[in-house]
Every structure is written in structure tokens, then in C-alpha cells.
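Reader: Hi, I've just opened this one and could use a walk-through. Can we take it piece by piece?

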Amino acid sequence: SKSPNTSSSSSSSASFDELPRETWWENVDLYECDGFWYGLSHLVAAMKAQSSFKARDDDVLLASSMKTGTTWLKALIPCIMDPYARLVNDYDDGYQDPVIQSHPNELIPPLEIQIFAQNSTYDISGMPSPRLFRTHLPYSKLPESIKSPGNSKIVYITRNPKDTFVSLWHFFNSIRTVEQGQLPLIQMFDKFCNGVHAFGPFHDHVLEYWKESVKRPEKILFLKYEELKRDPRGEVKKLALFLERPFGKEEEVDKVLWRCSFERLKNLEVNRNGVDPWAGFSKTAYFRLGVVGDWKNSLTEEMKERLDQITSKKMEGSGLDL
Ligand code: A3P
């Protein structure tokens with residue numbers, strides 16, 4: 001597969017015209033570059049990030065495919081990093097709970113949507129350390145300075161592909177009018193199975209981070225949504241340790257988990273109204289059901305079989321079970 005010619009200093013879309021292109025749905029086109037599919041604006045931003053992002057030793061990057069539970073981590077990571085979020089009660093000593101102040105999307109800026117988006121004026125050089133970023137880019141497309149050895153850390157979260165797909169379908173339906181109706185489930189599913197979706201193929205995305213996390217566990221922490229749901233205390237302790245912010249007391253773990261719990265976040269004023277200015281989705285769309293296994297309500301047995309087969313074939317020999 002091809003890489004776009006980015007030799008010109010302006011990231012014009014002209015050089016992207018040679019890339020394989022497919023319609024995801026209606027007027028949403030994706031471009032294939034080095035084995036992954038991107039919306040054009042994300043690809044342009046990825047190129048800009050590759051050429052200009054300078055990682056700091058204490059940067060933390062939250063990486064994921066879309067709809068794998070990233071929002072939970074967008075809240076958990078800032079709370080783990082904030083010494084007060086684990087100690088105080090709401091409003092104690094005038095404490096400003098980060099998740100009461102801001103939607104999780106605002107707590108961690110995305111590389112390819114906000115920071116390196118076209119015409120962005122976002123200043124990352126002035127951000128105090130430790131800087132927190134997030135991305136949906138595959139590992140192979142990350143800026144080299146993030147990947148290079150050093151202390152900058154990557155937290156990756158993935159999820160069962162059936163739930164991921166169903167969550168993705170609902171997410172895009174959330175921006176459609178009643179007249180437009182829901183996106184066609186069968187066609188969207190077919191594209192997902194073929195890897196044609198933003199930052200897809202899903203399985204390749206997962207495998208790239210998985211393999212790197214096996215090689216460099218100190219660099220990449222690989223998390224699963226289902227494990228976080230099953231054993232939130234254990235997983236959040238693991239996360240805090242990885243971020244070099246281990247918990248002192250069990251109560252601290254409870255406080256952080258409570259602060260970032262689905263029910264609490266979903267009902268906070270800051271998450272109930274308005275639209276995410278970067279991605280254009282309503283702020284509520286990031287909190288739908290928050291359960292494991294909801295795919296059963298949308299996928300047929302035949303669809304389940306098809307995706308399960310793809311998953312087991314792709315994961316074969318990797319040591320990863322999805
Ligand atoms: P569902 O659509 O299955 O409900 P992402 O954050 O990567 O976009 O993923 C979104 C999914 O994570 C949605 O799944 C959403 O409901 C769920 N989610 C968001 N916040 C959560 C939280 N605090 N705890 C558990 N799940 C959460």
C-alpha cells in the first residue's frame with residue numbers, strides 16, 4: 001500500500017488523491033495509507049504530527065480504536081494524575097473536581113483532531129508537564145518521538161470487536177436526524193469486517209499495540225474494557241502503577257473509581273448538554289450504555305459468527321484473546 005507524498009510543506013490534499021479511497025457511508029470517504037483507513041483530515045493531521053511532534057519524557061498518550069471505552073480512561077487518567085482527586089470529597093476545601101469542570105474529551109486533547117488539525121492554534125509547547133494526549137492513530141503512524149525509548153508512556157485500551165462495532169454504529173447514528181434514519185447496520189457491519197472504518201482495520205490496530213506492549217511493557221500498558229468492567233479496582237491500580245502514581249490507600253482507588261463511574265459521568269451537568277467542538281458529537285453520545293455484551297441486541301447469529309471467525313483468525317498465535 002502507498003504512503004502519500006508529503007514533501008510539500010503545505011499538507012495539501014492533492015498528494016492524497018493517489019491513495020486508495022472508499023466510501024464508508026454516504027458522503028464519508030476514507031483513504032488507505034500504509035494498511036489503515038483514515039478520514040482525510042485525520043490523515044493530514046497524522047502527517048503533521050509525524051513531522052513536528054516532540055514528545056517529552058513524561059508525556060502520557062492514551063491510544064485506542066474508536067468506541068473501546070476511551071472516555072472512561074479520559075476521566076480516569078487525569079484523576080489518577082491529580083493528587084487531590086484521590087483524596088478529597090467533592091467541594092472539600094474548594095476542590096475543583098476535573099470531571100465536574102470538563103467533559104472527558106476536554107481533559108485530554110486529541111493529536112489528530114485538535115492539536116494537529118488544519119488551522120489549529122493549539123499550543124502544546126506551553127502545556128505544563130506531565131502532558132496528556134490521546135489518539136486513534138495506529139501504532140505505526142505515531143510520531144517517532146513518542147515511540148522512541150524514554151519515559152513517555154502509552155496506555156492502550158481495546159474491547160471486544162462485536163461490542164466495539166455496535167457502539168460505533170450507535171455513535172454515528174447519534175448525529176443523524178430522524179429523516180436521515182439510522183445507518184444501514186448490515187452494510188456498516190460488512191465494512192467493519194473488511195476493515196474499512198476510521199482507523200481500521202480494528203484487528204490490525206489492536207495487534208500493532210499488543211505486539212509492542214509485549215515487547216515493551218514499561219512503555220505500553222495494554223488494557224481491555226471487559227477487564228476494567230470485571231475488576232475495576234485491580235485494573236485501575238495497575239494503571240496507576242504504570243503511570244508511576246501508585247495508590248497509597250484502598251480508599252483512594254474507591255474515590256477515583258467513583259469519580260469516573262459511568263452513572264456519575266453520564267449525569268454530570270457538563271456532560272449532558274452541548275456538542276464536542278472538535279468531533280461534532282453531542283456530549284451525551286459518549287455515554288450510552290456502558291455494558292459488556294450489548295452486541296446481542298443488534299447482531300444476528302450469522303453476523304456474530306462472521307466477526308468471531310475473523311477475530312480468532314487474526315488473533316491466532318498472538319497470545320491475545322478478544
Ligand atoms: P457503549 O456504546 O457500548 O455504551 P469511547 O469512549 O472509546 O468512545 O467508547 C465509548 C463506550 O464507552 C460507550 O460504550 C460508552 O457508553 C462507554 N463508556 C463511556 N464512559 C464510560 C465509563 N465511565 N464507564 C464505562 N463505560 C463507559
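Reader: Okay, which backbone N or O atom lies 2.7 Å from an oxygen atom of the ligand?
Author: That one belongs to G290. A polar contact here is a pair of N or O atoms within 3.5 Å; within protein, one must be able to donate a hydrogen and the other to accept it, and residues adjacent in sequence count only if both atoms are side-chain atoms. Before we go on: this is a predicted model, where local features need pLDDT of at least 70 and side-chain atom pairs count only at pLDDT 80 or more, while totals for chains, interfaces and linings use all residues. Residues are numbered from 1 along each chain as its sequence is written, and side-chain values use heavy atoms, with hydrogens and water left out.

Reader: How much of the ligand's accessible area does the protein cover?
Author: It covers 97% of the 570 Å² that the ligand has on its own (areas by the Shrake-Rupley method with a 1.4 Å probe; for residues, only the protein chains shown count as cover).

Reader: Which other backbone atoms touch base with the ligand's oxygen and nitrogen?
Author: A polar backbone atom of T68 is 3.0 Å from a ligand oxygen, and a backbone N or O atom of C260 is 3.0 Å from a ligand nitrogen.

Reader: And how many residues surround the ligand?
Author: There are 18, with K67, T70, T71, S167 and L289 the closest (near means a heavy atom within 4 Å). By class, the shell has 8 nonpolar, 7 polar and 3 charged residues. Ala, Val, Leu, Ile, Met, Phe, Trp, Tyr, Cys and Pro count as nonpolar, Asp, Glu, Lys and Arg as charged, and the others, Gly among them, as polar.

Reader: Which element gives the most to that shell?
Author: α2, with 3 residues. Both α2 (70-81) and α13 (262-267) supply at least two each. Helices (H or I, at least four residues) and strands (E, at least two) are DSSP runs, numbered from the N terminus.

Reader: Switching topic: what lines the second largest pocket?
Author: It has 14 lining residues, with P78, L107, M127, P130 and L132 nearest its centre. α2 and α4 are the elements giving two or more residues to that lining. Its volume is about 290 Å³. On a 1 Å grid over the protein atoms alone, a pocket is an open set of points with protein on both sides within 12 Å along at least five of seven lines, a cavity is a set where a 1.4 Å probe fits but cannot get out, and lining residues have an atom within 4 Å of a point. Grid points are joined across faces, edges and corners, and a volume is the space filled by probe spheres set on the points.

Reader: So how many cavities of 30 Å³ or more are there?
Author: The count is 2. The largest holds about 50 Å³, and its lining has 6 nonpolar, 3 polar and no charged residues.

Reader: P130 came up earlier. What kind of peptide bond joins S129 and P130?
Author: A cis one, with omega about -5°. P130 sits in the loop between α5 (111-115) and β5 (132-135). The bond from G200 to P201 is cis too, with omega near 0°. Most peptide bonds are trans.

Reader: Last one: how far apart are the closest N and O atoms in the E106 to K283 salt bridge?
Author: They're 3.0 Å apart (a salt bridge is a side-chain nitrogen of Lys or Arg within 4 Å of a carboxyl oxygen of Asp or Glu). The pair links distant parts of the chain, 177 residues apart.
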